[in-house]
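Work through the exercises below with the structure open beside you. Try each task before you read its solution.

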Amino acid sequence: MLASASAAHAHGGMAGPSEIGPPLLTSGALGFACYWLVMLWPSAKNRRTPDDPGKNRNATGNRARSNGNGQSNLRKSAHAKPVAHLKKVESKMRLLVAILAFAIGAIVTSSIAYAHGEAGDEPFLKDLTTAFYDVTISPTDIRVGEPVTITGSVRILETWPYTLSPPEKAYIMPVVPGPVFALKERTVNGTAAPGSFFVEKGGIYQFRMVILGRNPGRWHVHPGIAVEGTGTLVGPGEWVTVQPSAAKFVFPVTLLSGQTINLNSYRGGFVWWWSFAGFLIGVAWMLYWTLMHRTVTNLAVTIQLGVNDDAPDIGLITPRDHMWMNVLAGLTIIMLVIGWTYAAMKYPVRLPQQTDWFTPEYISSGEKMAEVHPSGATYDDATDTLLMNVKVKNLRDSPINLKQYIMAMATFVNGNNDDQAKAGPHDYVGQLEVEPSSAIAPGETKDLTLKITSKIFSEERLIPLRDPQQFIAGLLRFENGQKQQEMVVLRTSVIPTQFHSQYLP
Amino acid sequence: MAAATTPAALAEAQRRLELRALLQKKYKWIDGTWDLVFWITAIFVVAGAADITKQLFAGDWDFWTDWKDPQWWPVITAFATIIIPSALQYIQWAAWRFPTGATYTAVCFFMAAWVGRYFQWHVAESYPMNFVWPISTVCAAVILDWILMKTKSFILTSLFGAPIWALLVWAFNYIPLAPFLQPAHFMNHVLTVSDVQGIVYIRSQTPEYLRHIERGALRSFLGETQYVSLAFGGTLAVAGYWIGQFIGRYLAVWPIRRYLKTL
């Protein structure tokens, strides 16, 4: 288990030899060295005096051959068993030391998994469900307390898999390693969204989130959308460095009473002291019974009595015990009354937790521009190359171009480096080659071949290679001369060009 | 107590005198150290059992302030937290006639919960303690043990003590929760401070819709959802109490007695 922990790839897949090799080799070497260190460690010197009857023991503890009298042989036989047992224990201890050393080595040398496990998800869960695009995460270098803004869009695809519950409720959030950032603002389609919202297939949700750096470090930040019944689907991410700051992190929140509190520490002390005060009563109760009465030996008496007999005449529970327990129970009630009075007076206005769910405003995917008919795709695992064949018909009165193919959290751009830089976080953007590259004339139907070669496919495990659903889906982004755009959903079967041998089912 | 007159009563009085002497007997080898060893070593087992049971049934309600709602929290928590105290109450009462089982469990659980919450969730994960503080069952446990001591009956303790347990677990922990139920202005909405905590301190794999909290039902009781929930929670706690009794009687004490008889 410990050794395999080091195999966790940054995005949740299993690492290759380059990543898993060093920690395993190091820990193996450490285990080997420790084993032999223990094996070759010199034994303790014999500290017995010359008069000690055991002085004739040899190095292994066996009594040396004596002068042949029977008593000596008896002793030898009596010692043989414990010595053999001790040797067994010793050998087990050595093995234990080696295993411990291996385990510690594996833990220490394991690379830290920074990201969020999205590569562990099935490809269909990423491809057929959502597509993230136009994502920006900036700035990427801040100090504690400073903001990072995450913007972008996510579309719930019409190709939502029938194996999942239909999408109804969702929640957009930053996907980060715990609360190393604090979320300050969030809007969905322009509306403030503190909670969840209702979604539907085909819906487009533009999000904007502002997070404040809370813990210094280098953190991988993604937008994500959690859909009820499906889980969290992760968008493209960016590394954000949070530098330490001289000022302590605070998060001011204004109460309706007008008071401003620091959410980071508000009433933390009271929670602790209140709980601890109650704990002390319990400790007093326990100390009374454990110090004023014997415990273990009571069993000899209680076993001879009925369970409803507290035997004050025998001394099991005495009137004195009752008196002190009444005092402690009374203290408990008094404490509760004081606490309630305090809370009621200090916090007279209290609300139940709020669940403000809403339906975001509708956003169009653009005026109908193109009709797309896929005719299959192939994927070459060795070169990470996806080839898709599509028939596109231009429905507008001006030429259109295919600008992007968006798949799950990745965007592939038919354009130059500047176009790619604008398309989203660098690690999730790749090149799209379209053949023929010329624009599609009004009314024209054209057969296009889309070629994408990118490591994103294997790193994020986007392509199904031996899955029950050999399909991929994404968005084709078309643009005309007037910069008008339309996103068209594409769903196609994908055939791997080679299949790897499987030795296990 | 009337003076014993019949031979049977005299014999019983004599037997009880012998038991009194047995109770006060000074043992040479089984001294107070054995008591100490028992109480200290059992802390970890009891704390683990109590914490795991609570995690299984009421994990998230105990973890986050924004899950501590008027509808589900009083119901689930009372049931989840009474099981192991009840089992220990039977064991310690039957074995030593100590009304300490619930309090001992609650004290052990308190220590384990705070250590776990502080180191795992605050230090390692950096959630503020005012968001992830664990509940305390100590005061409810003191009263539950007190009821057993007074009634000397597990049936009466379950009937009266379990509903009181539900009430007191909620009441004791509602006091530190109260400041977090104040209304605040955040993202152009009126939210409680606990809601704001749930939004601000990011839980990437615990989306907001997962919260099992009151969402507007049970409002026909003049809006006082929590009292309806407490009544139901008290009833459920009675069931939880007897699950604990089953564990104490048939999974703990009965096998030990059977084993001792075979020796």
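**Exercise 1: a sheet**

Five strands of chain A make an open sheet in the order E1-E3-E8-E5-E6, with antiparallel pairing. The model is predicted: local features need pLDDT of at least 70, side-chain atom pairs count only at pLDDT 80 or more, and totals for chains, interfaces and linings use all residues. Residues are numbered from 1 along each chain as its sequence is written, chains are lettered from A and ligands numbered from 1 in the order in which they are written, and side-chain values use heavy atoms, with hydrogens and water left out.

Task: find which strands are the edge strands.

Solution.
- Start with the terms. Strands (E, at least two residues) and helices (H or I, at least four residues) are DSSP runs, numbered from the N terminus.
- Two strands pair if DSSP finds at least two bridges between them.
- E1 and E6 of chain A each pair on one side only, and they are the edge strands.
- Now look inside the sheet. E5(A) pairs with strand E8 (residues 204-213) of chain A over seven bridges, in the antiparallel sense.
- On this pairing, Arg186(A) stands opposite Met209(A) in E8(A).

**Exercise 2: unusual backbone**

Task: locate two cis peptide bonds and two residues with positive phi.

Solution.
- Recall the rule. Most residues other than glycine have a negative phi, and most peptide bonds are trans.
- The bond from Ser138(A) to Pro139(A) is cis, with omega near -5 degrees. Pro139(A) is in the loop between strand E1 (130-138) and strand E2 (141-143) of chain A.
- The bond joining Glu435(A) and Pro436(A) is also cis, and its omega is about -10 degrees. Pro436(A) sits in the loop between strands E18 (429-435) and E19 (445-453) of chain A.
- Asn189(A) has phi near 50 degrees. Its loop runs between strand E5 (181-188) and strand E6 (191-192) of chain A.
- Arg267(A) has phi near 60 degrees. This residue lies in the loop between strand E13 (260-262) and helix H5 (268-292) of chain A.

Is Asn189(A) buried or exposed? Use the cut-offs: buried is under 20% relative accessible area, exposed is over 50%, and partly exposed is in between (1.4 Å probe, protein chains only). Asn189(A) has 8% relative accessibility, so it counts as buried. Arg267(A), at 22%, is partly exposed.

**Exercise 3: helix H5 of chain A**

Task: check the length of H5(A), then find what its buried residues pack against.

Solution.
- The expected span of a helix is 1.5 Å times one less than its number of residues.
- H5(A) has 25 residues, so it should span 36 Å; its end C-alpha atoms are 36 Å apart, which agrees.
- Its buried residues include Phe270(A), Trp274(A), Trp285(A) and Trp289(A).
- In chain A, the buried residues of H5(A) pack against helix H7 (319-346).
- In chain B, they pack against helices H2 (32-63), H4 (101-123), H6 (138-151) and H7 (154-177).

**Exercise 4: the cores**

Task: describe the largest nonpolar core.

Solution.
- A nonpolar core is a set of buried Ala, Val, Leu, Ile, Met, Phe, Trp, Tyr and Cys residues joined through side-chain atoms within 4.5 Å.
- The largest has 152 residues; among those touching the most other members are Phe251(A) and Leu263(A).
- Helix H3 (residues 73-96) of chain B gives the most to this core, with 14 residues.
- Another core, of 34 residues, lies apart from it and includes Met369(A) and Tyr405(A).

Methods: Contact means heavy atoms within 4.5 Å.
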